[in-house]
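Thanks for making time this morning. I would like to walk you through a structure that is new to most of you, and I will begin with one term before turning to the picture as a whole.

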Amino acid sequence: MYNIIKYEFLRKHKMFLITAVTAIIINLIAIINKGVTGSISCLSLFPVAISILYISDVIKMYSDDLNKKLGYMLFMTPNSGYKIVISKVLTAILEGFAILFIYLIFILINGIYLMTVAGLDFNINLSEITRGINMILSGSIGFNLGHLFVFLLTALVFIISFILTVYTSITIRKSIFSEIRLGGFLSFIIFIILNWGISYLSSNIMSALTPYYNPLINGSNISVTDMATVFLPFIIITLIECAIMTAGSGYLLEKKINL
């Protein structure tokens, strides 16, 4: 499993490096041309842009392995279907955490710039910088870095769940529907049903937790612990869904795959 994960990161390290350098250059250009507005715009747009690139990358990674000749070699190695799909999921999770870490660095760097422009007195150490960033966030949206981390972590779990619905649909296409005409269309229907089912379950959970969500919806102050507690049931249910889809895809890769 370690070797598969290592292989995946070796395959994409150049793309990862180019994306990070490009993001830094765009951030610098935005600050030079637009000042504070450019810095805030980059911090706001970065999660959206990088999420789209991230989802596209990890889906392409899995699709290429099942649909291109080069990827077939992975299935000739002495690795079970379960091990392969779990390795892919772990790679996606690690990549997601790496992006989250890079974004937090972006927040720190832009936070230093914003504090300097605002004339805030601070020393160059992590605790002082964190305090300054928390002051900026609290003054605009009532959040601090802890709130932001909990929110981004929850979003990452949701994105992983969505990616697994795509993985499961691709696996069904290459196993159960491999010999069936319109197999691609049928697997797309499976993808729609999976996402509808997950959305239906999530909406019911959110409805049950509405009283607890009110502080978030109304913009009232809520502690990081309370926010994490509110999101926890949603995260647990989503992780269970992810485990089921991973096990199902692993079984199909192990028993039914038709390359």
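By a salt bridge I mean a side-chain nitrogen of Lys or Arg that lies within 4 Å of a carboxyl oxygen of Asp or Glu. Side chains of opposite charge can pair when their charged atoms come close. With that in hand, the structure holds seven salt bridges, and I will come back to several of them. Please keep in mind throughout that what you are looking at is a predicted model.

Let me start with the overall picture. The protein has nine helices and zero strands, so that, read along the sequence, the pattern is simply α-α-α-α-α-α-α-α-α. Of its 259 residues, 39% count as buried, and the accessible surface comes to about 14600 Å², with 72% of that belonging to carbon and sulfur atoms. If we take the contacts between residues at least 6 apart in sequence, 75% of them join residues at least 24 apart.

Now to the salt bridges, and I will begin with glutamate 8, which lies in helix H1, residues 2–34. Is this glutamate buried or exposed? It counts as buried, because its relative accessibility is 1% and the cut-off for buried is under 20%. Leaving aside residues up to four places away in sequence, glutamate 8 touches Met61, Asp65, Lys88 and Thr91. With one of these, lysine 88, glutamate 8 forms a salt bridge between side chains, at 2.2 Å from N to O. That pair links distant parts of the chain, since glutamate 8 sits in helix H1 and lysine 88 in helix H4, residues 81–118, with their positions 80 residues apart in sequence. Lysine 88 is itself buried, with a relative accessible area of 0%.

Lysine 88 has a further partner, aspartate 65, and here the closest N and O atoms are 2.0 Å apart. This second pair joins helix H4, which holds lysine 88, to helix H2, which holds aspartate 65, and the two residues are 23 apart in sequence. Both lysine 88 and aspartate 65 are buried. Taken together, Glu8, Arg11, Asp65 and Lys88 are linked in a network of salt bridges.

There is also a salt bridge between aspartate 57 and lysine 12, whose closest N and O atoms are 2.9 Å apart. Aspartate 57 lies in helix H2, residues 36–67, and lysine 12 in helix H1, so this pair ties together parts that are 45 residues apart in sequence. Aspartate 57 counts as buried at 16% relative accessibility, and lysine 12 is buried as well, with a relative accessible area of 6%.

Let me turn from charged side chains to nonpolar ones. The largest nonpolar core has 39 residues, and those with the most contacts inside it are Tyr54 and Tyr167. The elements that give two or more residues to this core are H1, H2, H4, H6, H7 and helix H9, residues 224–255. Which of them gives the largest share? That is H6, with 11 residues. Tyrosine 167, again without counting residues up to four places away in sequence, touches Val58, Ile59, Met61, Tyr62, Lys88, Val89 and Ser249. Apart from this core lies another, of six residues, including Val157, Ile222, Met227 and Ile235.

Helix H6 deserves a moment of its own. H6 is mostly covered, with 21 of its 29 residues buried. How far apart are the end C-alpha atoms of this helix? They are 42 Å apart, which agrees with the 42 Å that its 29 residues, 145–173, should span at 1.5 Å a residue.

Isoleucine 55, which is found in helix H2, touches Ile159, Phe162 and Ile163 when residues up to four places away in sequence are left out. Isoleucine 55 and isoleucine 160 are 105 residues apart in sequence, yet their C-alpha atoms are 8.5 Å apart in space.

Finally, let us look at the surface. Ile180, Leu182, Phe185, Leu186, Phe188, Ile189, Ile192 and Ile193 form a nonpolar patch there, with about 730 Å² of accessible area together. One member, isoleucine 192, lies in helix H7, residues 183–208, and is partly exposed, with a relative accessible area of 41%.

Conventions
Residues numbered from 1 in each chain as written. Predicted model: local features only at pLDDT ≥ 70, side-chain atom pairs only at ≥ 80, totals over all residues. Heavy atoms only, no water. Patch = residues over 30% accessible without salt bridge, like charges linked within 9 Å, V, L, I, M, F, W, Y side chains within 5 Å. Areas by Shrake-Rupley, 256 points an atom, 1.4 Å probe, with all protein chains shown as cover. Helix = DSSP H or I, 4+ residues; strand = E, 2+ residues; numbered from the N terminus. Buried < 20%, exposed > 50% of the residue type's maximum accessible area, 1.4 Å probe, protein only. Expected span 1.5 Å × (residues − 1). Contact = heavy atoms within 4.5 Å. Core = buried A, V, L, I, M, F, W, Y, C linked by side-chain atoms within 4.5 Å.
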